Amino acid sequence: MKTKLIAGLLGTAAALAFAGAASAATLDDVKAKGFVQCGANTGLAGFGAPDDAGNWKGFDIDFCRALAAAIFDDPNAVKFSPLSAKERFTALQSGEVDVLARNSTWTISRDTSLGLDFRAVNYYDGQGFMVRKDLGVSSALQLSGASVCVQTGTTTELNLADYFKANNLQYNPVVFEKQEDVNAAYDAGRCDVYTTDQSGLYSVRLTLKDPDNHVVLPEIISKEPLGPVVRHGDNQWGDIVAWVHYAMLTAEEFGITQANVEEMKNSDNPEIKRILGMEADTKLGTDLGLTNDWVARIVKHVGNYGEVFERNIGQGSDLKIARGLNALWNKGGLQYAPPIR
Amino acid sequence: MSLVENSDARADRPSSWLNDARVRGVIYQVLVFVSVVAFIAWIVRNTVENLNRLNIASGFGFLNGRAGFDLGQSLVPYSSDSTYWDALYVGLLNTILVAGIGIVTATILGFLVGVGRLSRNWLVARLCTVYVEFFRNIPPLLVIFFWYFGVLSILPQPRESIELPFGGYLNNRGFKLAKPIFEDGFNLVLVALVVGIVATILLARWAKARQMATGQQFPVAWSALGLIIGLPVAAFLATGSPLSFEYPQKGTFNLTGGVQIGPEFMSLYLALSFYTAAFIAEIVRGGILGISKGQTEAAYSLGIRPGPTMRLVIIPQALRIIIPPLTSQYLNLTKNSSLAIAIGYADLVAVGGTILNQTGQAIEIVAIWMLIYLALSLATSAFMNWFNSKMALVER
């Protein structure tokens with residue numbers, strides 16, 4: 001484990017040392033090799049994890065598939081690199097992956113000092129706490145003196161320190177590098193509290209030995225806007241990644257679904273025609289570096305934002321997470337796409 | 001004749017300097033040196049260029065920033081308000097702590113097992129053999145997992161802690177021990193301890209000099225015991241027992257108060273000690289077997305009993321063989337302590353990794369890691385080389 005990590009870090013350092021100065025546009029590279037290399041979680045059920053058959057499934061995984069569908073008209077033209085919290089940004093910096101879709105929080109320092117760009121928020125999250133029911137704890141403010149399991153190298157780790165300090169509570173951090181290690185330690189009772197993004201807590205709870213014996217506390221102690229990340233400086237690639245997300249939102253907004261996308265192409269509504277690339281002489285897709293039917297391709301292969309949400313983490317999944325902040329803007333949420341025109 | 005003439009002619013001709021072996025040697029060395037320097041310069045330039053191109057901040061200034069994260073184990077005061085430097089310092093101290101205690105334990109255990117393997121007692125010898133073959137043939141990471149997941153995680157939850165003597169507890173959060181609280185007057189006890197140790201050293205010197213001169217022995221061991229333990233105890237009683245204990249109390253989540261020794265430290269410490277002790281045992285056995293049997297026979301023929309023969313004749317000679325490979329084992333143990341990251345012990349690599357990830361300064365952190373481990377290893381080597389030269393055969 002250690003050697004792999006060190007090797008990875010040295011590899012990154014070496015990549016920075018040896019890489020040629022010139023670098024082609026990411027879109028051209030991706031088209032040349034024929035697939036998108038996507039940085040994924042090492043295993044967070046519902047968001048990004050391989051299933052029993054080894055197929056990657058999840059909310060973030062579907063984002064990468066949508067990207068591949070938009071470029072290649074094939075949602076399987078994508079390869080996944082499982083990355084720990086610690087490895088993820090260096091893997092992106094060094095060009096090991098083309099895009100990172102791994103529930104990463106957008107912060108100013110990550111956006112400005114790492115040579116990376118966050119281009120969209122595909123999930124609005126916040127940090128929460130999970131404890132065993134038999135402790136009888138009902139609020140995070142009762143956690144003084146607890147041992148808290150947390151994954152290293154995350155904003156979670158920093159929010160945790162800030163929250164306990166601000167509320168004058170004592171705690172003992174138990175820190176692991178890999179999500180699986182944190183899960184195992186919490187399940188074995190090494191710590192009293194598990195903290196991560198609330199969506200993650202619901203996901204982790206499913207994998208515990210006795211999910212019913214654990215409760216997620218009501219407090220949300222931070223803002224965690226999660227979204228795909230790209231390297232700084234390649235604006236065309238950044239635009240594509242951002243607009244793939246907006247395309248999925250727009251499709252939901254206009255009621256374009258995986259089932260009806262073909263008949264919607266013949267719709268009389270000029271907006272829907274424009275979105276699906278059926279407007280005469282449209283250049284919306286080609287200006288982006290894609291084909292004009294890019295939105296239709298995404299919806300046909302992967303579905304709109306709402307479908308992806310419900311299928312992976314919403315009512316159609318074991319997680320049963322409510323849309324909440326992630327509802328569309330006109331349904332009381334924060335998900336808002338700039339107009340496709 | 002013609003042969004001789006020819007060779008003379010060749011000797012008279014000014015031979016090209018290119019054929020001079022020494023000149024060639026210098027040229028080759030200069031070429032190699034220049035290409036190595038050029039290679040390094042190219043790497044550095046390329047790295048800097050790439051970092052600039054990718055818009056990644058570089059330099060070591062970030063280490064003065066506020067760390068913002070907490071650490072589970074710390075020997076010095078540390079909070080999330082401390083700087084990254086402080087965090088690295090905590091990590092370094094944790095590494096030195098586990099490596100230092102690990103080296104001491106591994107050495108003692110290794111010597112016992114190594115000597116035990118040569119024992120004439122069948123059971124002792126076989127047990128030691130099994131120990132060595134078991135621990136040296138398992139990767140150290142698995143030994144750490146064995147202790148962490150296999151042994152310590154099946155200990156009871158805090159609410160069902162096992163009670164230990166003297167107010168201590170054992171549970172799956174590790175050991176909780178009574179914390180000594182030193183009151184006024186305890187300094188005197190420490191002074192008595194130092195006086196006892198100094199007096200013992202002086203006594204030992206005097207006894208040795210007397211034995212050299214007259215052949216009479218003096219019971220140094222018993223006197224030392226009296227001086228080192230007796231004096232502080234007397235001082236302790238005379239000052240009115242200036243020591244009390246803070247006992248762990250049951251709290252909401254865990255026991256509060258007292259001293260906590262976490263399972264991460266225990267696992268790492270036990271694993272490193274047991275693993276390295278297996279190698280040290282073999283080195284010790286090799287060292288002892290490397291001494292000619294004639295030495296033992298000579299000692300016996302002089303009427304020296306087996307115990308003193310081992311202590312005064314065999315071990316001092318064996319040490320000369322043992323110390324150099326022992327140094328390598330100490331270095332291995334120190335470096336293996338970086339496996340701490342697997343179980344979340346806040347050592348140098350774990351803390352550095354956290355900083356790396358929070359700041360994204362990969363190259364700087366990797367450089368710091370390398371520099372510190374290099375410095376630790378060189379310091380250990382330097383000490384062991386000094387010790388080795390003290391032990392080396394002094395030819396008279």
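The bend at a residue is the angle between axes fitted to the seven residues ending there and the seven starting there, while helices are DSSP runs (H or I, at least four residues) numbered from the N terminus.

This is a predicted model, in which local features need pLDDT of at least 70, side-chain atom pairs count only at pLDDT 80 or more, and totals for chains, interfaces and linings use all residues. Residues are numbered from 1 along each chain as its sequence is written, chains are lettered from A in the order in which they are written, and side-chain values use heavy atoms, with hydrogens and water left out.

**Exercise 1.** Work out what span helix 8 of chain B should have, and where helix 8 is kinked.

Solution. Step one: the expected span is 1.5 Å times one less than the number of residues, so the 27 residues of this helix (residues 263-289) should span 39 Å. Step two: the end C-alpha atoms are 38 Å apart, which agrees. Step three: a kink of about 25° is centred on B:Ala277.

**Exercise 2.** Decide whether helix 8 of chain B is enclosed or open, and find its share of the largest nonpolar core.

Solution. Step one: 22 of its 27 residues are buried (under 20% relative accessible area, 1.4 Å probe, protein chains only), so helix 8 of chain B is largely enclosed by the rest of the structure. Step two: the largest nonpolar core (buried Ala, Val, Leu, Ile, Met, Phe, Trp, Tyr and Cys residues joined through side-chain atoms within 4.5 Å) has 120 residues, and A:Trp237 is among those with the most contacts inside it. Step three: helix 8 of chain B gives the largest share of this core, 15 residues.

Technical notes
Helix = DSSP H or I, 4+ residues; strand = E, 2+ residues; numbered from the N terminus. Buried < 20%, exposed > 50% of the residue type's maximum accessible area, 1.4 Å probe, protein only.
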